[in-house]
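Reader: Please take a close look at one part of this fold. I want the sheet, its pairing and what packs on it.

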Amino acid sequence: MSEARLLVVDDDPKIQRLLQSQLTLRGFTVQSVSTGREALMAIGDEPPQLVLLDLSLPEMDGISVCKQLRGWSEVPVILLTANDAVDSKIAALESGADDYLTKPFHMGELMARIRSVLRRANSGLADSSTFSLGDIMIDLAQREVRRGDELIHLTRMEFDLLAELVRHADKVLTYGHLLNAVWGAGTEDIHSVHVHVSNLRRKLERGPAGPRHILAVSGIGYRLRT
């Protein structure tokens, strides 16, 4: 991870200098640009391992950059936003960003987000059919979930929901994403997501009232914490 190359996209020279110096001190190679168009060109020329993308950019904002980027690249993106509103966070995630962080932020939190996204990007999970979650083993190909030798019975919808969370482990998935992926496009019954998550917690978590793995992100959705 220490050799990862990051691209910082921010039109504030102070933020650029701060991130450049702090991330370089932590072993990263850092390139900085000021606009969305410069970012797309830089990524096309030499893709970085991760992009830190400011939401408020001149000419083309971070959401537009991320949407355009997702047409031809899966490079991980963390959106940096000064807007703490839930709608802003949902828009960030649904544009294709892997995570978001609200300004002002602590460098420790930024580093934790960077490590998590890079770890997920390097995990190769999408190419694997099995996934371990504590003492739970999830086999996506066989559609089986086991705790040791015990087979845990899940309904089709419960397994499909769990599989979607597994494929995007450690990433926040919005209600809209989960509904489209599991129930189909146009479905808006968020209550169904809550009910199925509750069932999964009851079957998989050691303490369903205080879940360690299937976590709610208030007003936005859920994430599976590895």
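Author: Two strands pair if DSSP finds at least two bridges between them. Helices (H or I, at least four residues) and strands (E, at least two) are DSSP runs, numbered from the N terminus. This is a predicted model: local features need pLDDT of at least 70, side-chain atom pairs count only at pLDDT 80 or more, and totals for chains, interfaces and linings use all residues. Residues are numbered from 1 along each chain as its sequence is written, and side-chain values use heavy atoms, without hydrogens and water.

Start with strand 1, residues 5–9. Five bridges join strand 1 to strand 2, and the two run parallel. R5 stands opposite T29 in strand 2.

Now the whole sheet. It is open, has five strands in the order 2-1-3-4-5, and pairs in parallel. Strand 2 (29–33) and strand 5 (99–102) are the edges, each pairing on one side only. Neighbouring strands are turned by 20° against each other on average, direction ignored. Axes are lines fitted to C-alpha atoms, for helices over the stretch in contact; angles run from 0 to 180 degrees between N-to-C directions.

Next, the helices. Helix 4 (residues 86–94) lies across strand 4 (77–81) and strand 5, at about 150° to strand 5. Helix 5 (residues 107–122) packs on the sheet and touches strands 1, 3 (50–54), 4 and 5. Its direction makes about 175° with that of strand 5. Contact means heavy atoms within 4.5 Å.

Back to strand 1, which holds L7. L7 counts as buried because its relative accessibility is 1%; buried means under 20% relative accessible area, exposed over 50%, partly exposed in between (1.4 Å probe, protein chains only). Beyond four places in sequence, its contacts include Q31, V33, A39 and L52.
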